[in-house]
Amino acid sequence: MFSNVRGLKVVLKRLDCHTRLNNGGLIYEPIGGKFHWTSKRLVHNKLDTMRVEPISTGLIYQQTTRHTSTSKKADGLNKPPYGQETNTATNLDPLDVFRRNATKWWSGKEFSLLRSMNEIRLPFIVNGLGKPIHEAKLMDVGCGGGILSEPLARLGANVTGIDPVFESINQAQLHAQTDPDLKERLKYRNCNIEDLSAHPEHMEAYDGLIASEVLEHIENVEDFLLHCTKVLKPNGSLFITTINQTPLSWLGVIFFGEYVLKQLPKGTHTYDMFVNVKGLKVMLERMGYHIRLVNGFMYEPIGGKFHWTPTTLTHYAMHAVKVKPISTGLNYQQKRHAPKNKKADRPKRPLDDQEMSTVIDIAAYRQKVEAIINEFKDHLDTKLTTRANTSTFETLKVTLDGLNEPLELRDIAQISMKGENLIVINLSTMPEAVKPTVKALTSLGNIMNPQIEVNNIFVPVPRVTREHRENLVAAAKKAATESKDKLRTLFSAFSAKAKVNKNGVSIDLVHDTIDNLQFDTSKRIQQIDTLLKTRADQLLNQGN
């Protein structure tokens, strides 16, 4: 029946109570026989709350469990926009930390960690855009003093930086003025994302949106991301870096970062505001995003640098792409009665070769697939035909003892027609090739009784009967089955490689790559079936 302090705060908030005081816990001291206050809430908790009048927002409970991003007033209590809520532990505005330290964005020790983070943030954004940086229009939400916006603009991007702290925007503008080349490519605005998301000038206007080290300061993360989505173009990229909610992140970011190393202003972060990586992925996928990449990164105090890690225990970076929902054109009743197991005409999330190349060697896959298809086409054209001429045998592969690769028959023999019904293969220049040539001729399946006379092979051209045509069709079906088996084996091999990928790509991208490979394999199998049907119709209908 014990009560969790965070759960109790949520319940009280639902009952329209505002938490005024939460200053730690209390504990009983057996020696003195008294209770006393402690800085930790390990045993007993103290909460001082005040009932406020309910405010009708028209939102359901899940939308109001964190403060919404519009200002509200109740009994003289002001609830500012997202990121500006009252800190219940210290009774201070969290953004006041950034106001007091606004002059230190570019030179102070307080923001040195964020400046050094640019070494991994910039490549993460530039490489993920999918287009040249000088063609990209970007928005940096929560830009602070412009320590990320300005480097992006220097690389050629058209950048708009926004931040709710006037002092930070002022410093960003002052620093940008030192470089006249940035005037046309870099703009700053003192506002929140919801101030721009409904404006026609900004709706679906940006190729990429950056929210770097921002989500951990947002109360209503879902509402914030919905506004971000509105300004992104279809297939636009959302770049997020934030802090995972783990004990290690508290130790590294808050304890060491703020209190030991003092590389961040004290009070910058609150553990309860850290964003769980799995929850964020689910939230974005529900909004119609495709998670393209999730990478962990960590600060190394000895080297004074950030570096990528295979784990997301502290910081992580996430790249998500805004995907427009695909309309099926069916209402609910039509969907219920639609035929089942119908093959999709496209993968669930189509990927281009550049995206799949981060998971597998897509160029090698394409090359091997084309080789299988071309081999089948060549088999149909040269070996499964009723035409009696020497060209049918010229490219026949003959394997000789002692050679690593087979030779084409035209390189070792003279091939000629004798009359209309006999082909002569003269191997007088290489007598040892007679038996291997007969073996190769027999493997064609449609050659009847090749006869040997000294160094010559006589191949009688069979009369084209219905039975002969049917034999050719049977041979074509056998070749088609072998080619399809090769495609399936190739798919299995590359799928296995994708599953053991160690490039740090997200598991969602791996699954989508496999789905695209499976779809491509199905299309190639259909192509073989089409080629087979066309040749079978030709063979069976010739002469009718």
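## Asparagine 244 and its surroundings

In this predicted model, the side chain of asparagine 244 reaches the backbone nitrogen of valine 277 at a distance of 3.3 Å. A polar atom of that same asparagine 244 side chain also lies 2.8 Å from the backbone oxygen of threonine 312. The two polar contacts are set out below.

| Side chain | Backbone partner | Distance |
|---|---|---|
| Asparagine 244 | Nitrogen of valine 277 | 3.3 Å |
| Asparagine 244 | Oxygen of threonine 312 | 2.8 Å |

Where in the chain is asparagine 244 found? Asparagine 244 belongs to the loop between strand S12, which covers residues 232–243, and helix H10. Is asparagine 244 buried or exposed? Its relative accessible area is 5%, and because this is under the 20% cut-off, asparagine 244 counts as buried. When its neighbours within four places in sequence are left aside, asparagine 244 is in contact with Ser249, Phe274, Val275, Asn276, Val277, Thr312, Leu313, Thr314 and Tyr316.

Leu313, one of these contacts, is also part of a nonpolar patch on the surface, together with Leu248, Trp250, Leu251, Phe255, Phe256, Tyr259, Val260 and Leu261. The accessible area of the patch comes to about 730 Å². Tyrosine 259, a member of this patch, lies in helix H10, which spans residues 247–260. Tyrosine 259 has a relative accessibility of 43%, and it therefore counts as partly exposed, since that category lies between 20% and 50%.

Elsewhere in the model, helix H5 covers residues 118–128, and its buried residues include Asn118, Ile120, Arg121, Leu122, Phe124, Ile125 and Gly128. Glycine 130 follows H5, and its phi is positive, near 80 degrees.

How values were computed:
Residues numbered from 1 in each chain as written. Predicted model: local features only at pLDDT ≥ 70, side-chain atom pairs only at ≥ 80, totals over all residues. Heavy atoms only, no water. Patch = residues over 30% accessible without salt bridge, like charges linked within 9 Å, V, L, I, M, F, W, Y side chains within 5 Å. Areas by Shrake-Rupley, 256 points an atom, 1.4 Å probe, with all protein chains shown as cover. Salt bridge = Lys/Arg side-chain N within 4 Å of Asp/Glu carboxyl O. Helix = DSSP H or I, 4+ residues; strand = E, 2+ residues; numbered from the N terminus. Buried < 20%, exposed > 50% of the residue type's maximum accessible area, 1.4 Å probe, protein only. Polar contact = N/O pair within 3.5 Å; in protein donor to acceptor, adjacent residues only side chain to side chain. Contact = heavy atoms within 4.5 Å.
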